[in-house]
Amino acid sequence: MKTNLRHLRLFLAVTEAGSLSKAADINHVSQPAMTQAISKLERLAGQPLFLRRAQGMFLTGAGEVLANR
């Protein structure tokens, strides 16, 4: 499974916005496309990159590592 720069940009957008829907709006991408991009990165990483909560999305330890690279 191959990732691309777009997936990484969307990952960073979710990181900054704190939610999929806000990041999707800012990047003019549908929320399902945003979810698919994040899910693909999580499959590649072999672990969750975000904790999904009612208050928003927060980086896991693996997400922190990816965000800081």
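This passage walks through helix H3, its surroundings, two histidines, a strand hairpin and an aromatic pair in a predicted model.

A good place to start is helix H3, which covers residues 31-45. With 15 residues at 1.5 Å a residue, H3 should span 21 Å, and its end C-alpha atoms do turn out to be 21 Å apart, so the expected and computed values agree. Just after H3 comes Gly46, a residue with a positive phi, near 75°.

One part of H3 is tucked away from the surface: Met34, Ala37, Ile38, Lys40, Leu41 and Glu42 are its buried residues. What do these buried residues of H3 pack against? Their partners are helix H1 (5-17), helix H2 (20-27) and strand E1 (50-53).

On the H1 side, His7 gives a closer look at this packing. His7 sits in helix H1 and has a relative accessibility of 10%; since buried means under 20%, His7 counts as buried. Setting aside neighbours within four places in sequence, His7 is in contact with Ala37, Lys40 and Leu41, and those three are among the buried residues of H3. The side chain of His7 also makes a polar contact of 2.9 Å with the side chain of Asn4.

Is the other histidine considered here, His28, buried or exposed? His28 belongs to the loop between H2 and H3, and at 74% relative accessibility it counts as exposed, because the cut-off for that label is over 50%. His28 and Leu51 are 23 residues apart in sequence, and their C-alpha atoms are 23 Å apart in space.

Next come the strands. E1 runs antiparallel to strand E2 (residues 56-59), and four bridges join the two. Together E1 and E2 make a hairpin, with two residues between them. Within this pairing, Phe50 stands opposite Leu59 in E2.

Phe50 also turns up in another setting. How many aromatic pairs does the structure hold? There is one, formed by Phe11 and Phe50, with 5.3 Å from centre to centre and 55° between the planes, which makes it tilted. This pair links distant parts of the chain, as Phe11 is in helix H1 and Phe50 is in strand E1, 39 residues apart. Both rings belong to residues under the 20% cut-off for burial: Phe11 has a relative accessible area of 1% and is therefore buried, and Phe50, at 2%, is buried too.

Definitions and conventions
Residues numbered from 1 in each chain as written. Predicted model: local features only at pLDDT ≥ 70, side-chain atom pairs only at ≥ 80, totals over all residues. Heavy atoms only, no water. Expected span 1.5 Å × (residues − 1). Buried < 20%, exposed > 50% of the residue type's maximum accessible area, 1.4 Å probe, protein only. Contact = heavy atoms within 4.5 Å. Polar contact = N/O pair within 3.5 Å; in protein donor to acceptor, adjacent residues only side chain to side chain. Pairing = 2+ DSSP bridges. Phe/Tyr/Trp six-rings, centres within 6.5 Å; stacked < 30°, edge-to-face > 60°.
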